[in-house]
Amino acid sequence: LLPFGPDLDSRDFGHDIAVGSGMIAVAQPYYGTERVGAVYFYDEQTGAPIERIVGPDEPGAVLEGFGTSVAIAGGRIAIGRGNLITVEGNPQDVFMYDADTLTETAHILPPHGSADTHRFGSEVALNGDTLVVCAPGDVPSVNGAIGAAHTFAPATGAYRNTLALVPPTGVEIADVPRTYR
C-alpha cells in the first residue's frame, strides 16, 4: 500500500492502521505542508485505493495530527486527532465517518474540555455500540490516575462516561510503560 493523491509524502505513513468493513485504513497524521494529517482507505482484498480523507486545517495549529489513531467497526470509522506533540492550540478531537459512504457523521470533543497536554484522541477503539477515546494526559480526580478513557455512543457522539486509568496497586507511576508512537 502506498500513499496516493496530490502532494505525495511518505513521512509517518502507516502511523496507525485499521481493518474492517471491507477496507484497510492507513493513517498519516502529519501529512501535507501544514501537517494536518490524512487517512487513506484501500480495498481489503485487492489493495486498490478507495479514498483519502485529509483532516481539517485549524488556523494557528501546528502538527495537527488527524489520523493519530483510527478504528473501524460496525460500519463506522473513528479517526482521532490527539496530537502526540503538545503545542498550545493544537486540536484534540475525534471524527466519526460512515464506512459505506466515507461521510462525516459526528465530531467529538473532549467531554470536560481539554488542556493541550491531555492528548484526547491519541488512541481510539470502536465496537458496534461503544467508542472509547483515550486521553493519557487527562488525570481525573482519582487518586493515582495516570490518564482517562472516555466512552461515547459512536452513532451520535453522545458522551457516556469517563474511566480513570489507574496502575495496579504497588506499581509506581514511573514504572508504568507508556507508548508514544
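**Strands, sheets and cores**

Biologist: Is Gln28 buried or exposed?

Modeller: This is a predicted model. A residue counts as buried under 20% relative accessible area. Gln28 has a relative accessible area of 0%, so the word for it is buried.

Biologist: Which strand holds Gln28?

Modeller: We look at where residue 28 falls along the chain. The strand covering residues 23–28 includes Gln28, and that strand is S2.

Biologist: What is Gln28 in contact with, beyond its neighbours within four places in sequence?

Modeller: Contact here means heavy atoms within 4.5 Å. Some partners come earlier in the sequence: Asp9, Ser10, Arg11, Asp12 and Phe13. The list is completed by Gly37, Ala38, Tyr40 and Phe66.

Biologist: How many Å apart in space are Arg11 and Gln28, C-alpha to C-alpha?

Modeller: Arg11 lies in the segment before S1. Arg11 and Gln28 are 17 residues apart in sequence. In space, their C-alpha to C-alpha distance is 7.5 Å.

Biologist: What is the relative accessibility of Arg11?

Modeller: Arg11 is in contact with Gln28, Tyr30 and Arg35, leaving aside neighbours within four places in sequence. Partly exposed runs between the buried limit of 20% and the exposed limit of 50%. Arg11 counts as partly exposed because its relative accessibility is 41%.

Biologist: How many helices and strands are in the protein chain?

Modeller: Read along the sequence, the pattern is β-β-β-β-β-β-β-β-β-β-β-β. The count is zero helices and twelve strands.

Biologist: In what order do four strands form an open sheet?

Modeller: The pairing in this sheet is antiparallel. Its edge strands are S1 (17–20) and S4 (49–54), and each pairs on one side only. Neighbouring strands are turned by 15° against each other on average, direction ignored. The order is S1-S2-S3-S4.

Biologist: Which residue in S2 is the bridge partner of Ile17?

Modeller: S1 and S2 pair in the antiparallel sense over four bridges. Across to S2, Ile17 has as its bridge partner Val26.

Biologist: Which residue in the hairpin of S7 and S8 takes a positive phi?

Modeller: S7 (residues 92–98) and S8 (residues 104–108) run antiparallel and are joined by four bridges. Val94 has Ile108 as its bridge partner in S8. Five residues sit between the strands of this hairpin. The positive phi, near 55°, belongs to Leu102.

Biologist: Which strand gives the most to the largest nonpolar core?

Modeller: The core has 16 residues; Val39, Phe41, Val70, Ile77 and Ile79 touch the most other members. S2, S3 (38–43), S5 (69–73), S6 (76–82) and S7 each supply at least two residues. The strand that gives the most, with three residues, is S2.

Biologist: How many residues are in another core, apart from the largest?

Modeller: Members of this other core include Ala78, Ala106, Phe120 and Phe152. Its count of residues is 14.

Biologist: What percentage of the protein chain's residues count as buried?

Modeller: The accessible surface of the chain comes to about 8600 Å², with 54% belonging to carbon and sulfur atoms. The chain has 181 residues, and the part that counts as buried is 46%.

Methods
Residues numbered from 1 in each chain as written. Predicted model: local features only at pLDDT ≥ 70, side-chain atom pairs only at ≥ 80, totals over all residues. Heavy atoms only, no water. Buried < 20%, exposed > 50% of the residue type's maximum accessible area, 1.4 Å probe, protein only. Areas by Shrake-Rupley, 256 points an atom, 1.4 Å probe, with all protein chains shown as cover. Pairing = 2+ DSSP bridges. Axes fitted to C-alpha atoms, helices over the stretch in contact; angles between N-to-C directions. Core = buried A, V, L, I, M, F, W, Y, C linked by side-chain atoms within 4.5 Å.
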